[in-house]
Amino acid sequence: MTAVQAAFGQRLREAVSARGPLCVGIDPHPALLHAWGLDETPAGVERFAMTVLEAVGEQVAVVKPQSAFFELHGSRGLAVLERVVAECGKLGTLVIHDVKRGDIGSTMTAYANAYLDDSSPLAADAITVSPYLGYGSLAPAVGIAAQTGRGIFVLARTSNPEAVGLQRSVTSEGNTVAQSIVDAAAESNAGSEPLGHVGVVTGATIRPGELDLTALNGPVLAPGLGAQGATVQGLRSVFGSVLPNVLPAAARELLRHGPDVGEIRAATRRLAADLSGVFGH
């Protein structure tokens, strides 16, 4: 594999500079499909995804398809996900596949190739990965992403309440598990300009000061905005000096306005404007 595009950190920084930091989730959840008057079929998922892209594709820097809701429909669902990737390429919109893959050795390499290799029709600009077989198990994804100009976002401190007991547990070194993941990602990003290609997933709902992200030198994907309780104004207190590297993610907060393209677009513009007041874009 050879790099065919600029490094992910550079491409992300340029995209956010042009369109702002908002990341919009594309989550064809069955409840949302029904709310939109769509069937739980590949055709319904495709109509949903293409409507979201029509509404936000040229407005936002990044979209984040939730892979599970496409995989649910087998090969036809994955074909829709491939179309999302292709359409975003035409729109100049970066894609983060929310796949949360994590394994060891050749299996992790296979996952990384499926989502990060240039030859794969599913290859996105970045993917989410799980480090809970040890950060070192992610080495194939870290390496393949670097070679292809793509990125990974490592789950560190997620927004779901079930994660607290594990992610805030203290290691033998005296850090929380979540902080140890951030520190490992920072080592992978050392010396990268303007940002490394290893980001972390850190819920916008966490307590201020819970994580030290200052040495990360990478992007922070921050789900939880809106429906999960995080607010735009709260982002500054949670993320402090690393706020310029944060991608606040919203899905239900925007998608509930569908299926009307204009209403989704208007809601996205309102949220983007609110974020601009905090981020200064």
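**Ring pairs, core and strands**

User: Which word fits Phe8 and Phe153, buried or exposed?
Analyst: This is a predicted model, in which local features need pLDDT of at least 70 and side-chain atom pairs count only at pLDDT 80 or more, while totals for chains, interfaces and linings use all residues. Residues are numbered from 1 along each chain as its sequence is written, and side-chain values use heavy atoms, with hydrogens and water left out. Buried means under 20% relative accessible area, exposed over 50% and partly exposed in between (1.4 Å probe, protein chains only). On this scale Phe8 and Phe153 are both buried.

User: How many aromatic pairs are there?
Analyst: Rings of Phe, Tyr and Trp (its six-membered ring) pair if their centres lie within 6.5 Å, with planes under 30 degrees apart called stacked, over 60 edge-to-face and the rest tilted. By this rule the number of aromatic pairs is two.

User: What kind of pair do the rings of Phe8 and Phe153 make?
Analyst: Phe8 belongs to helix α1 and Phe153 to strand β5, 145 residues apart, and the pair links these distant parts of the chain; helices (H or I, at least four residues) and strands (E, at least two) are DSSP runs, numbered from the N terminus. The ring centres are 6.0 Å apart and the planes stand at 90 degrees, so the pair is edge-to-face.

User: What kind of pair do Trp36 and Phe48 make?
Analyst: Trp36 lies in the loop between α2 and α3, and Phe48 in helix α3, so the pair ties together parts that are twelve residues apart in sequence. Their ring centres are 4.2 Å apart with planes at 35 degrees, so the pair is tilted.

User: Which helix gives the largest share of the largest nonpolar core?
Analyst: A nonpolar core is a set of buried Ala, Val, Leu, Ile, Met, Phe, Trp, Tyr and Cys residues joined through side-chain atoms within 4.5 Å. The largest has 76 residues, and Phe48 and Ile152 are among those with the most contacts inside it. Its largest share, eight residues, comes from α3.

User: Which residue in β5 is the bridge partner of Ile127?
Analyst: In a regular strand the side chains alternate between the two faces of the sheet. In strand β4, Ile127 and Val129 point one way, Ala126 and Thr128 the other, and all are buried. Strands pair if DSSP finds at least two bridges between them, and four bridges join β4 to β5, which run parallel. The partner of Ile127 in β5 is Ile152.
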